[in-house]
Structure formats: C-alpha cells, structure tokens
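Reader: Could you take me through one helix of this model up close, and then show me how a few of the loops and the other helix packing look beside it? Keep it relaxed, but give me the residues.

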Amino acid sequence: MPRIVVMGASGREMLLKVAHHPNVNHPVLADSFEERTSGRGARQAAACSRLRGQVSLISAVGSDGSERAVLEDMQDQRVNMRSSKVIRGAQTMREVTLRMAFGGQSRVVYPGACAMLTSQHVLEASKTFQGVACALFQLELPVEAVMEGMRCARRAGAVVLLDPYPATGNLPPEIWSLTQVVLPNAEEMARITGKDDPDEGAGRLMDLGVQAVAAHLGPLGAILYSRGSRPRSFQAFRVDTEDHDGAGDAFAAGVTVALSEGMDMEEAVRFGCAAGALACTREGTLNAFPARQQVEGLLVSQPSPGRT
C-alpha cells in the first residue's frame, strides 16, 4: 500500500451553533455544543486513511490533557502518530467555531503547541518520509517547519502537495519551488497570488515553480492547470448536501491518495471531487469523510462529471 505523510495542525475544536453572531458585550445563547478533534492536518490525515491510504501525521500537541483525545481519535482513524511531537508544558491547539443559522461561521484559533513545532523537530522525524509516495502540507504550522518537511519529502522522492490554508500573500518564494501540486479554493488562490483571475493566479504559481494547480470550486467543481496543457474543468458531482465543513479536506485527501496510487492528475482531481462531494452529505468532520467504496461507487454511478 502506498504511504502518505500529512504534516499539519492537530488539536481540539469547540463548535457552537448560534442564531446569529454575538454583538460586543451582548452574549448569544448557543443551540448546541460539540467538541471534536480538528486542525487541517488531523482532518486530512483521517480523510486519507478512510480512502485506504497508509498515513503518518507529523504534528504537535501539548501536555494539557486534551492531547489524549486527539491521539485517541487519530488512532481510531488508523493514522500513525509516532512522528507527532508532544511538547511538554504546552497547550494543545484549540479552535472555537461559531456557526450561524444563516450559514456563515466565525473561528478563533489558539495555535498552542502547533506554533512551537520547529525545523529541528521535523528533521528528527525525517525518516518518516522514507518510501513515501506523497506528502501533503498546509500552512497552520510555522512556515519554516513546513518548508523543512517539504525538503525532506523532496529528498525522499515524494510528490509534494500544498493546501494553502490559511492563505497569505507573504510566503517565501522557496515554498513554491518545493511544491509540485497546489490545492487552493478560489479565495485562497487570490490571496496567495494577488490575482483575482484564477487563470492568472495559476500561471503565476507555475512561473514560480509549481507543476500543477488543482483549484476546488465547491458546487462549480474544479479546474486543473498543468504545465504545458490547457486548463481542464471538472463538473461537480450531484449529491444531497448536509454540511460543507470538511469538503476541501476530503478533496485534498482524495487527490493525494489517488496520486500515491499512480493515477494521473486528471484522474486524481476527479477522485478528489467525488470525495469532496460525499463529505458534504453528512454533518461532522472525521467520521463524515467518505470511505473508499463510497467514492468508487459515486464515480461509477455518475460517470458524466468529468473533464471539459
């Protein structure tokens, strides 16, 4: 089974559903409360595992007690956590998410131990990249640590993928020469490139060294930009939508797993679109990510969504 490394944040999220955003000095009562394991790294590692990827997660948690729930949840998802760092005296990353009844949401993040992961920590875990087919990164960890992980992955011969969240336009140029595939949504594409037009944004990234850009566009599907090829559009799959949370994580995981198995970029993007669509059919994150057989079933039942 091809091996995958995911390097990103892991922690605990407190999700509160509210009727509207609270005003200053005026609290609002929540309709429900849920605490769950979160962080892009944790979510994408779990999504890869549910698609039958053999996954290791490089991350950091604290020693405040909440790390136990993170480690237990990832173990339940069959994610190897041996390369993740427990930083003594630190607090595990926490997110507080307010989800409004009208559909919007606000999020506050305390990075905790994730902000303390260093390049040295990554080098100590460098053997994790040996024999790996693909390595998937995000930007919730310190960028120097992320780039060290990318260097380790490239030296090991792995394909390096980047989900550019949280998006910023002030990234070191080296990050693009280390990245082979970028997986942004439309907003992230604009932020990291300074271009509102996705064609121009993708062109800029490829000028900086990226080999391919697979932009996921929600109900509009996805667009694939590759060096030497014209852009290719992928229609969205038709599903009954329950919750959009985690769709981008499932897309990134789907593309990563597909590439690790030797699929070409077009096949991988279509596989990712199917995974992302199915993630919208259930509420939640870790347990809402689709299983491999569900993705394969959707690809068979809806053969028409594809390249244009």
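Author: First, a cut-off to keep in hand: a residue is exposed when its relative accessible area is over 50%, buried when that area is under 20%, and partly exposed in between. Also bear in mind that this is a predicted model.

Let's go straight to helix α7, which covers residues 198–207 and has Gly201, Ala202, Leu205 and Met206 as its buried residues. Those four span an arc of only 135 degrees around the axis, so they sit on the same side of α7. The general rule behind such a pattern is that an α-helix has 3.6 residues a turn, so residues three or four places apart point the same way. As for what covers the buried residues of α7, the list includes the helices α5 (174–178) and α6 (186–193), along with the strands β12 (181–182), β13 (212–216) and β14 (222–226).

Now the two ends. At the N-terminal end of α7, Asp197 acts as the cap, with a side-chain oxygen 2.9 Å from the backbone nitrogen of Asp199. Just past the helix, Gly209 has a positive phi of about 125 degrees.

One of those covering elements deserves a closer look. α6 packs against α7 at an angle of about 55 degrees, and their axes are 9 Å apart. That angle makes α6 oblique to α7. The two cross in a left-handed way. On the α6 side, the contact uses Met189, Ile192 and Thr193, while α7 brings Pro198, Gly201, Ala202, Arg204 and Leu205. Gly201, Ala202 and Leu205 turn up again here, having already appeared among the buried residues of α7.

For another helix pair, try α1 (residues 40–50) and α8 (residues 247–260), whose axes lie 8 Å apart at an angle of about 50 degrees. α1 and α8 are therefore oblique to each other too, but here the crossing is right-handed. Arg40, Arg43, Gln44, Ala47 and Cys48 of α1 do the touching, and across from them in α8 are Asp249, Ala250, Ala252, Ala253, Thr256 and Val257.

On to the loops. Between α1 and β4 comes Arg52, which has a positive phi near 75 degrees without being a glycine. Its relative accessible area is 45%, so Arg52 is partly exposed. Asn25, in the loop between β2 (11–18) and β3 (30–38), is another non-glycine with a positive phi, about 65 degrees. With a relative accessible area of 72%, Asn25 counts as exposed.

Ser59 sits in the loop between β4 (54–58) and β5 (60–61). At 1% relative accessibility, Ser59 is buried. A polar atom of its side chain lies 2.7 Å from the backbone oxygen of Gly8. Leaving out residues up to four places away in sequence, Ser59 touches Gly8, Ala9, Ser10, Ser84, Lys85, Cys114 and Leu117.

Gly103, in the loop between β8 (93–100) and β9 (105–110), has a relative accessible area of 60%, so that cut-off from the start makes Gly103 exposed. Gly149 is 46 residues away from Gly103 along the chain, and their C-alpha atoms are 36 Å apart.

Last, a backbone detail: the peptide bond from Tyr165 to Pro166 is cis, with omega near -5 degrees. You'll find Pro166 in the loop between β11 (159–162) and α5, and α5 is one of the elements covering the buried residues of α7.

Notes. Residues numbered from 1 in each chain as written. Predicted model: local features only at pLDDT ≥ 70, side-chain atom pairs only at ≥ 80, totals over all residues. Heavy atoms only, no water. Buried < 20%, exposed > 50% of the residue type's maximum accessible area, 1.4 Å probe, protein only. Arc of directions from axis to C-beta. Contact = heavy atoms within 4.5 Å. Polar contact = N/O pair within 3.5 Å; in protein donor to acceptor, adjacent residues only side chain to side chain. Axes fitted to C-alpha atoms, helices over the stretch in contact; angles between N-to-C directions. Parallel < 35°, antiparallel > 145°, perpendicular 65-115°, else oblique. Left-handed = near helix turned anticlockwise from the far one by under 90°.
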